[in-house]
Amino acid sequence: MRLFEVIESSSIQGELDALTASLKQKHGLKHLWIFDTGNDMIELSAIMVDKAEQKQGVGTAAMNDLTDYADRRGLTIVLTPGVKDIHQGTSSRSRLVKFYKGFGFKENKGRSMDFAVGGGKMIRHPR
């Protein structure tokens, strides 16, 4: 077995793809992208709720399901909060940071910054 095959076989991307499809259907999400970055870490690349569904708990319910999954699997979640974008429905980065902090995410900066993750991101370790 080659090194690439070992790395590929250890990936949980197929499981994440199934989780993504399930969460999109269950919560009626517009977009949801989750990727395996290796080392027991996944990246939430995008989560979007239709404008008509915003402020009704849809995103919160989806995030609760995602963090529950990550906790059960012992996975760290990394994400980059979006910036204001009226076309995507993003009102402000600071509002998103506050939203994600409610799920246990911390800004990756300062003395505790994980340089492997990178600045400008948020990180949540499993509970």
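## Exercises on a predicted model

W33 sits in strand β1, which covers residues 31-38. Keep in mind that this is a predicted model.

**Exercise 1.** Work out whether W33 is buried, partly exposed or exposed, and find which residues it touches.

*Solution.* Start with the relative accessibility of W33, which is 40%. Buried would need a value under 20% and exposed one over 50%, so W33 counts as partly exposed. Next, list the contacts, skipping residues up to four places away in sequence: W33 touches E43, L44, S45 and A46. Finally, check one distance: the C-alpha atoms of W33 and L44 lie 6.1 Å apart, with their positions 11 residues apart in sequence.

**Exercise 2.** Trace how β2 pairs with β1 and with β3.

*Solution.* Take β1 and β2 (residues 41-48) to begin with: they run antiparallel and are joined by seven bridges. Here L32 stands opposite I47 of β2. Two residues separate the strands of this hairpin, and N39 has a positive phi near 55°. Now go to β3, residues 76-79, which pairs with β2 in the parallel sense through four bridges. E43 has V78 in β3 as its bridge partner. Add helix α3, and β2, α3 and β3 give a right-handed β-α-β unit.

**Exercise 3.** Place V58: which helix holds it, and is it buried or exposed?

*Solution.* V58 belongs to helix α3, residues 58-73. Its relative accessible area is 13%, so V58 is buried. Leaving out residues up to four places away in sequence, V58 touches H27, L29, V49 and E53. As a last step, look at K26: its C-alpha is 9.6 Å from that of V58, and the two residues are 32 apart along the chain.

Definitions and conventions. Residues numbered from 1 in each chain as written. Predicted model: local features only at pLDDT ≥ 70, side-chain atom pairs only at ≥ 80, totals over all residues. Heavy atoms only, no water. Buried < 20%, exposed > 50% of the residue type's maximum accessible area, 1.4 Å probe, protein only. Contact = heavy atoms within 4.5 Å. Pairing = 2+ DSSP bridges. Right-handed = clockwise from strand over helix to strand, strands pointing away.
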